Amino acid sequence: MDAYPRSIAEGQGQERGNMPPSVSKLLAPFRRLRRSLTRVTGGGRLRQDIERFGTWTYPFDLGNGVTTPLHTDWMAESHETRNKMTFARLDEIYAGRWADIRCLDVACNEGFFGMEVCRRGAKEVVGFDARDVNVEKADFIKQHLGYDGISFHQADVGELTPDRFGVFDLTLCLGLLYHLENPMDTLRRVRAVTTDICVIDTQVLRVSAPVTTAWITEDRLIETEDVIGIIEEPDAIWNPAASVTGLSMVMNHSALLKMLQHAGFKEIERVEPFEGCFQPYATSDRVVLLARV
Ligand SMILES: C[S@@+](CC[C@H](N)C(=O)[O-])C[C@H]1O[C@@H](n2cnc3c(N)ncnc32)[C@H](O)[C@@H]1O
């Protein structure tokens, strides 16, 4: 086990008293977890096992009326949208071929998306995450639901190379890029282990107006549409779904495309949001892209 709390509730205990009011306000959504489900009903022994882990990122249905309780209520709607958008195209592209596909779930958290690939009959799925606490939960669900074709590991994406886990037809880079100090390094690393498609799901900046700088002299004004913003994540110390360093670089859509091209992805396809999807996707604050090598 690492030093992170098992639940966001515990993390809030750590943070209380240390944070300035502005930061405290930022954390308000997570405080709502106190009103969210924290008890599991039914299931006897299974219920005890689940409760020992605290709250969860995904609502895993474990049978016998037992579902893992979420950190915050909105997560269920978010994952439903993300699941639909991620697999809408993949299910077309890999129809009848899932059994040939090796998949890497980068920063897998509790392993939900890798398990979705596994459920489709993929040849092998590997998931890794920086936090032991997430990997331990993923392993628990894997054992309980009997997913043999998937393995989970603790690793930082900054250490990812083809030697570590091999190369993969499909890589999932979901919910990660906007939690990183060096997203370009990650894109290059992910590209190096992808042989067919990488799915990117990420937050993007709203900025689209060009920004400028005078390059050495005033007459050499450079304009760019590609913008990166810096976002601090003070909850990194206790939130098991956050950055591990507390500092994140978030791109606008144009910068994201440019970085994907420089990482060596050739064709980028955007998965269109659907009617009634989770709000950030409808407003394009968040996008799902398929990047082909
Ligand atoms: C928002 S969650 C997304 C989880 C999952 N991929 C999904 O889309 O549902 C971000 C995850 O990235 C992990 N993470 C953050 N920085 C990481 C790093 N440098 N290396 C590996 N995992 C990291 C966190 O522990 C967390 O599980």
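This is a guided tour of one protein chain, stop by stop.

**Whole chain**

The model is a predicted one. Start with the full chain in cartoon view. It has 11 helices and 11 strands. Colour by burial next: buried residues make up 49% of the 293 residues. Now think about contacts between residues at least 6 apart in sequence. Of these, 66% join residues at least 24 apart.

**Helix 5**

Select residues 74-93, which form helix 5. Does the length of this helix agree with its residue count, or disagree? Its 20 residues should span 28 Å at 1.5 Å a residue, and the end C-alpha atoms are 30 Å apart, so the two agree.

Look along the axis. Helix 5 has a kink of about 30 degrees, centred on Phe-87. Phe-87 is also among the buried residues of this helix. Others on that list include Met-75, His-79, Arg-82, Asn-83, Leu-90 and Ile-93.

What covers the buried residues of helix 5? Show helix 6 (112-119), strand 4, strand 5, strand 10 (267-271), helix 11 (279-282) and strand 11, which are included in the cover.

**Strands 4, 5 and 11**

Keep helix 5 visible and select strand 5, residues 194-203. Seven of its 10 residues are buried, so this strand is mostly covered. Add strand 4, residues 168-174. Strands 4 and 5 pair in the parallel sense, over six bridges. To find the register, label Thr-171 and Cys-198: Thr-171 stands opposite Cys-198 in strand 5. Then trace the connection. The chain leaves strand 4, passes through helix 9 (183-192) and arrives at strand 5. This β-α-β crossover is right-handed.

Now add strand 11, residues 286-292. Strand 11 runs antiparallel to strand 5, and seven bridges join them. Label Gln-203 and Arg-286 here; they stand opposite each other.

While the strands are on screen, recall a general rule. Side chains in a regular strand alternate between the two faces of the sheet.

**The nonpolar cores**

Show side chains as spheres for Leu-90, Val-117, Leu-170, Leu-172 and Val-199. These residues have the most contacts inside the largest nonpolar core, a set of 42 residues. Which elements supply at least two residues each? They are helix 4 (45-52), helix 5, helix 6, helix 7 (132-145), strand 3 (150-154), strand 4, strand 5 and strand 11. Helix 6 gives the most, with five residues.

Centre on Val-199. Beyond its sequence neighbours, Val-199 contacts Thr-86 and Leu-90. It also contacts Leu-170, Thr-171, Leu-172, Cys-173 and Leu-174. Val-288, Leu-289 and Leu-290 complete the list.

A second, separate core has 30 residues. Select Ala-155, Leu-160, Val-193 and Cys-198, which are among its members.

**Cys-103**

Go to Cys-103 in strand 1, residues 102-106. Is Cys-103 buried or exposed? Its relative accessible area is 0%, so Cys-103 is buried. Show what surrounds it. Cys-103 touches Val-117, Glu-124, Val-125, Val-126, Phe-168, Leu-170 and Leu-172, with residues up to four places away in sequence left out. Then draw a distance to Gly-127. The C-alpha atoms of Cys-103 and Gly-127 are 8.4 Å apart, with their positions 24 residues apart in sequence.

**Loop stops**

Stop first at Asn-109, in the loop between strand 1 and helix 6. Its phi is near 55 degrees, a positive value in a residue other than glycine. Asn-109 has 6% relative accessibility, so it counts as buried.

Move to Ile-216, in the loop between strand 6 (211-214) and strand 7 (221-224). Ile-216 also has a positive phi, near 75 degrees. Its relative accessible area is 75%, so Ile-216 is exposed.

Next, select Ser-243 in the loop between strand 8 (228-232) and strand 9 (247-251). With a relative accessible area of 1%, Ser-243 is buried. Its contacts, sequence neighbours within four places aside, are Arg-131, His-179, Glu-233, Ala-236 and Ser-248.

Finish at Gly-44, in the loop between helix 3 (28-31) and helix 4. Gly-44 is partly exposed, at 38% relative accessible area. Draw a last distance to Asn-64: the two C-alpha atoms are separated by 9.3 Å, and the residues are 20 apart along the chain.

Terms used. Residues numbered from 1 in each chain as written. Predicted model: local features only at pLDDT ≥ 70, side-chain atom pairs only at ≥ 80, totals over all residues. Heavy atoms only, no water. Helix = DSSP H or I, 4+ residues; strand = E, 2+ residues; numbered from the N terminus. Buried < 20%, exposed > 50% of the residue type's maximum accessible area, 1.4 Å probe, protein only. Contact = heavy atoms within 4.5 Å. Pairing = 2+ DSSP bridges. Right-handed = clockwise from strand over helix to strand, strands pointing away. Expected span 1.5 Å × (residues − 1). Bend = angle between axes of the 7 residues up to and from the residue. Core = buried A, V, L, I, M, F, W, Y, C linked by side-chain atoms within 4.5 Å.
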